[in-house]
Every structure is written in C-alpha cells, then in structure tokens.
Amino acid sequence: MNARRKKRLALAVALIGGVAAIASLLLYALNSNLNLFYTPTEIVQGKKDTGVKPEVGQRIRVGGMVTVGSMVRDPNSLHVEFAVHDAAGGEITVTYDDLLPDLFREGQGIVAQGVLVEGGKLQATEVLAKHDENYMPPEVAEAMGQTHEKLDYSEQQKSSY
C-alpha cells in the first residue's frame, strides 16, 4: 500500500469515527432531555402495555386533577405540596417551590413537570393549570378518559348572544 492510499484510509477512518462520536453524543443529549408524560396511576403501577415505571431521578410530566383538601402551603415561603389523582384511582404528591399559576385551584386539571424524587413524589419545576372551564390538555383528557368535542364557530357565536 502506498503512502497516498494510507493517507486516504486514515482520513476515511477518522471521518467515520468523528461522525459516530457526534451521533452518539447527540443521541445521549436527546435521551437525557426527554420528558415523558405519565398519569398518577402509571407512576404508581406502571404503564398498562409495558408495566414500565419511571425511575427515581427521571424528569417527567404528570397530569391529573388536584385532590380537594390536599394542598398544604408553608406560610414562610413559596413551598406548596398537593396531591394529584386520576380517574383510575392513582395518586401522587407534588411539591413546588415557586408561584403557582393564577388559575390553579383544588379540583382542577393540571400538568406538572419535574423530577421524580420517590416512588410517589414529584419535585415540580413547572406547574401548568388549565386556562378555562372548557379546556384540558389533550394528554390529561386522554389519561382521564374524557372526550372533549370542539364547538364549531357558528355554535359559539349563537351561544354568545
């Protein structure tokens, strides 16, 4: 093998190795930033089809209804703790250390994003509340077993008169 072929072979091997390294780093970054949606029942019992439960330390989103009478506020800080349940009977505890949305209240649908710190406890970094009486995030509505039909524009106009 002459020097020119050796040089081309080394360049090709280096190029393939570089592309493989970049692809593996990209896949690792995407996997670590993945936020999966779970219901409280799926966190406690696992997914229906696979039985997979989220791991402690995993970033997830959980959706459900805030359990009435479960909210506990710390009077000296913004720390709040409340329970979230779904139609299947699962319930988890969510802790949050920031201002809650203005529309947040007990008995309402929410989506909380955060890190699972125990089997049934989520340390939330973000809490989203539904914005009016007709809206529920699609993931929460599906998980709660509810169907939401949209009114067509003409029906909305008639009801506003």
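User: Accessible areas come from the Shrake-Rupley method with a 1.4 Å probe, and for residues only the protein chains shown count as cover. How much area does the protein expose?

Analyst: About 11,100 Å², with carbon and sulfur atoms supplying 56% of it. Bear in mind that this is a predicted model, where local features need pLDDT of at least 70 and side-chain atom pairs count only at pLDDT 80 or more, while totals for chains, interfaces and linings use all residues. Residues are numbered from 1 along each chain as its sequence is written, and side-chain values use heavy atoms, leaving out hydrogens and water.

User: OK, and what's the mean pLDDT of the protein?

Analyst: It's 81, and 80% of the residues reach 70 or more. pLDDT is the predictor's confidence in each residue, from 0 to 100.

User: Where is confidence lowest, and where is it highest?

Analyst: Helix α4 (residues 153-159) is lowest, at a mean of 45, and strand β4 (residues 80-85) is highest, at 94. Over residues 147-161 pLDDT stays under 50, and the model has 4 contacts beyond four places in sequence for that stretch. A contact means heavy atoms within 4.5 Å.

User: How many helices and strands are there?

Analyst: The protein has 4 helices and 7 strands. Both are DSSP runs numbered from the N terminus: helices are H or I with at least four residues, strands are E with at least two. From the N terminus, the order is α-β-α-β-β-β-β-β-β-α-α.

User: How much of the protein is buried?

Analyst: 29% of its 161 residues. Buried is under 20% relative accessible area, exposed is over 50%, and partly exposed is in between (1.4 Å probe, protein chains only).

User: Which residues touch the most other members of the largest nonpolar core?

Analyst: F82, V94, I110, A112 and V127, out of 19 residues in that core. β2 (59-66), β4, β5 (91-96), β6 (109-118) and β7 (121-129) each supply at least two residues of this core. A nonpolar core is a set of buried Ala, Val, Leu, Ile, Met, Phe, Trp, Tyr and Cys residues joined through side-chain atoms within 4.5 Å.

User: What is V127 in contact with?

Analyst: Leaving aside neighbours within four places in sequence, V127 contacts F82, Y96, L100, P101, F104, I110, V111 and A112.

User: Y96, huh. What about L78, how far is L78 from Y96?

Analyst: They're 18 residues apart in sequence and 7.9 Å apart in space, C-alpha to C-alpha. L78 touches Y96, D97, D98 and L99, not counting residues up to four places away. L78 lies in the loop between β3 (72-73) and β4, and is partly exposed at 46% relative accessible area.

User: New topic: how many salt bridges are there?

Analyst: Just 1 in the whole structure. That's a side-chain nitrogen of Lys or Arg within 4 Å of a carboxyl oxygen of Asp or Glu. Here E42 pairs with K47, and the closest N and O atoms are 3.5 Å apart.

User: Why would side chains pair like that?

Analyst: Because side chains of opposite charge can pair when their charged atoms come close.

User: Is E42 buried or exposed?

Analyst: Buried, at 18% relative accessible area, while K47 counts as partly exposed at 23%. E42 sits in helix α2 (residues 40-45). Neighbours within four places aside, E42 contacts F37, K47, V52, K53 and P54.
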